[in-house]
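The questions below ask what justifies some of the terms used for this model, and each reply sets a value against a definition.

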Amino acid sequence: MKELHTGNYYWNTFHTKKTEWSTLDKDLTTKVLIVGGGMSGMLMAYKLHEQGIDFVLLEGDQIAEGSSLASTGLLQYCNDIMLSELRSAIGREKADTFYRYCYRALDKLKHIASNVQQYVGDAHFRSRTSMQYSSNDEDIVKLQQEYEALLSLDFPCELWGSHQIQQHFPFSKGTGLVTHGDAEVNPHLFVLSLAQYLTEQGCHLYEQSIVSDHERLSNDKYHVTVNDIHKVDAEYIVYAVGYQPEQLHQKLFHSTLNRSYVIVTNPVADLSSWHEKYMLWETARPYLYLRTTLDNRIIVGGLDETTQTPNHNTASVDAHNHKLLDELHKLFPDYDLKIDYNWNATFAETADQLPYLGVDPEDEHIMYILGYGGNGTVSSMLGAELLTNIICGSGTMNDLAEIVKLDR
């Protein structure tokens, strides 16, 4: 398996009561085979279970130990590409449709988190407000245009001037676009919680179970070989393999793998100067992004690089980490901060900054959830709903399918 990240992680200091799953040790027949035990695969599994559709989930390594361990858990309906920019790129109708689906996906995620919490405990899912601030004066107009675009769809948002930002934070920026209805989560814990919940519901989840080959049978089912030993027969295969492109059925995706850095600070005694624990990000590209945790730590990410290999050079990693800490100090100079956890990780971006979700153009029973970009969890939710609808024979999300299709 490709190495996706390296470092000293914060998320896995929290656990559910179940953190290990068995390896597939028998032949199985199912309607849907899900390949991948991260956020995308687990949300797909949840939606299938919700609809009463039989499935088997196979993770080649360990459940929740892929990109879910390295995600920073900011869940936002706004994307790396602004609504105003997306309208110019793909047309107003499609752009508005995509953003509406992203906004509704947040509500779906909140509902799932609330339901799972009742059974297996808190995954640190909390509703939050975000603020994207202007990195320079040139971006003030860009945020004003985005505010008008979001407001035209009745999304809950505000545009703050520099004085209003200074009233709520210890820093000054020209403009801030405030969006309500977002959320934060411990992504690793959320995936583990979903896996535990589904297991307790009697669903079939396996790890250390690598799909090594598959063939289509004459009855339109797929005969899948696992670990070169056991077989799974399925009507549909859903690839939810994140940033492991070597596992994909075919290489038709136009994406770029990059590297990003993350630090997590010590707990801060008093975060009262951080207004309502807003999630923060900037307009510059690549961008700096910040959030808090339930134990009053601060997570800072960014310094993206155009290379896909995790950085193991200690001096280089330390330099990146302290640069992130310096950026944090510029915003919150009075906090007494040090770095308690840090990691760097691979992430993927697409040319048009939209996810790849949908059916293989050559085989409608092979499907993909590839939530590439900075809003992967929201995209994973979209993919889980879209593919579940397709399997159920519903065409209610055809408008989304056209936007995120694989051969666009």
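**Cores and helices**

The largest nonpolar core has 89 residues, and F98, L205 and W343 have the most contacts inside it. The model is predicted, with local features needing pLDDT of at least 70 and side-chain atom pairs pLDDT 80 or more, while totals for chains, interfaces and linings use all residues. Residues are numbered from 1 along each chain as its sequence is written, and side-chain values use heavy atoms, without hydrogens and water.

Q: What makes a set of residues a nonpolar core?
A: Its members are buried (under 20% relative accessible area, 1.4 Å probe, protein chains only), and they are Ala, Val, Leu, Ile, Met, Phe, Trp, Tyr or Cys residues joined through side-chain atoms within 4.5 Å. Another core, of 26 residues, among them I165, V178, Y278 and L288, lies apart from the largest one.

Q: Why are the buried residues of helix 3 said to be on the same side?
A: The buried residues of helix 3 (residues 83–90, a DSSP run of H or I with at least four residues) are L83, S84, L86 and R87. They cover an arc of only 160° around the axis, taken from the directions from the axis to the C-beta atoms, and are therefore on the same side of helix 3. The face turned away from that buried side carries S88 and A89, which are exposed, that is, over 50%.

Q: What covers the buried residues of helix 3?
A: The cover includes helix 4 (92–120) and helix 5 (138–152), where contact means heavy atoms within 4.5 Å.

Technical notes: Helices (H or I, at least four residues) and strands (E, at least two) are DSSP runs, numbered from the N terminus.
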